[in-house]
Amino acid sequence: MTRHRKLIEQSDSLLHQAEQSASEQRALLENASLEQTLTATLKPYVEAKHEQIERIEAKLGQVIEQQQAKLKQVGQNPPKHKWLSSKKTKAANTNAWHDNKNKHLARLHCLDYRKYRIEKIKESTDSRFPTVDQLATQKMRREHPELAASWDAMRESVRIKQQKERGQREKQARQQTQSQSQSQGFGLRLGHRQQP
C-alpha cells in the first residue's frame, strides 16, 4: 500500500510539474508576443521623436541667429543724444537702451539653454534629461493605455516570479549551510568524545 501511495504521489508530482511547465511556456509565448507588439508599436513613436528633435533643433538654430542679429543691431545703435536734451532725458534714453539690450541678451541665453537641452536629449548622455526612448514611451503609453497596462502586468508578474525564485534559492542555501554546519558540529562533538 505504501509503495502504491508513493507511485501516486510521484505521478501527481510529475503531473503538477508538467502543468507548471506548460503554463510557463504559455506565459513565455504570451510575453514574447506582447513584447513584439510593444516593440512594433513603439518604433514609429521613437522615429517620430527623432524627427521632432531634428525639427526643433533646426528651428532653434534659426531663432538663435535671428536673436543674435537683433542683439547686434541694438548694440550698434546706441541712443543719440541731442545737444538740447536734458541730462534726465539722456539718462532715460541710455537706460532704456541698456534694458532693451539686456532683454535681447537674456532671450538669447534662454534659447541657447533650450538648444543645449535638445542636444542632451538627442545624445542621451545626461541623466538629468529624458532620452528619446523615454519620451516616445511616454507618448505611446498615453495613446495606448491598454497595451501599457498589459506590459506593466507582465513585467510585474515576471518580477514577482524572480523574487520568489530568489527567495527559494536563498532558503535552499540557508538550509544547506545549516545542514553542513550541523554535520560539522556533530563531527566535532564526536571528535571531542573520542579524544579523552
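Buried here means under 20% relative accessible area. Keep that cut-off in mind as you move through this predicted model.

**Start with the whole chain**

Colour by secondary structure. You should see four helices and zero strands, so ordered α-α-α-α from the N terminus on by the DSSP runs. Of the 196 residues, 16% count as buried. The protein exposes about 15900 Å², and carbon and sulfur atoms supply 52% of that area. Among contacts with a separation of 6 or more, 66% are between residues 24 or more positions apart.

**Select residues 87–123**

This is helix H2, with 37 residues. From its first C-alpha to its last it reaches 53 Å, close to the 54 Å expected at 1.5 Å a residue. Now show the side chains of Trp97, His104, Leu108, Leu111, Ile118 and Ile121: these residues of H2 are buried. As you look at how they are placed, recall that an α-helix has 3.6 residues a turn, so residues three or four places apart point the same way. Then step just past the end of H2 to serine 124, which takes a positive phi of about 55 degrees.

**Cross over to glutamine 67**

Glutamine 67 lies in helix H1, which covers residues 2–76. Which residues is glutamine 67 in contact with, leaving aside its neighbours within four places in sequence? They are His104, Arg107, Leu108 and Leu111. Three names on that list, His104, Leu108 and Leu111, should be familiar from the buried residues of H2. Glutamine 67 itself has a relative accessible area of 7%, so it is buried too.

**Pick out lysine 122**

A search of the whole structure finds five salt bridges, and lysine 122 is a good place to begin with them. Its side chain meets that of glutamate 54 in a salt bridge at 3.0 Å, N to O. This pair links distant parts of the chain, with glutamate 54 in helix H1 and lysine 122 in helix H2, 68 residues apart.

Add glutamate 57 to the selection. Its side chain also meets lysine 122 in a salt bridge, here at 2.9 Å, N to O. Again the pair links distant parts of the chain: lysine 122 is in helix H2 and glutamate 57 in helix H1, 65 residues apart. Is each partner buried or partly exposed? Glutamate 57 is buried, because its relative accessible area is 17%. Glutamate 54, at 41%, is partly exposed, and lysine 122, at 35%, is partly exposed as well.

**Move to arginine 141 and aspartate 152**

Here is another salt bridge, at 2.6 Å from N to O. It joins arginine 141 in helix H3 to aspartate 152 in helix H4 (residues 145–194), eleven residues apart. Arginine 141 counts as partly exposed at 30% relative accessibility, and aspartate 152 is partly exposed with a relative accessible area of 36%. Before leaving the salt bridges, select Glu54, Glu57 and Lys122 together: shared partners join them into one network.

**Finish at methionine 140**

Methionine 140 lies in helix H3, residues 132–143. At 2% relative accessibility, methionine 140 counts as buried. Show what surrounds it: apart from neighbours within four places in sequence, methionine 140 is in contact with Leu38, Thr41, Leu42, Tyr45 and Leu147. For a last distance, draw a line between the C-alpha atoms of methionine 140 and tyrosine 45. They are 6.7 Å apart in space, while 95 residues separate them in sequence.

Note on methods
Residues numbered from 1 in each chain as written. Predicted model: local features only at pLDDT ≥ 70, side-chain atom pairs only at ≥ 80, totals over all residues. Heavy atoms only, no water. Helix = DSSP H or I, 4+ residues; strand = E, 2+ residues; numbered from the N terminus. Buried < 20%, exposed > 50% of the residue type's maximum accessible area, 1.4 Å probe, protein only. Contact = heavy atoms within 4.5 Å. Expected span 1.5 Å × (residues − 1). Areas by Shrake-Rupley, 256 points an atom, 1.4 Å probe, with all protein chains shown as cover. Salt bridge = Lys/Arg side-chain N within 4 Å of Asp/Glu carboxyl O.
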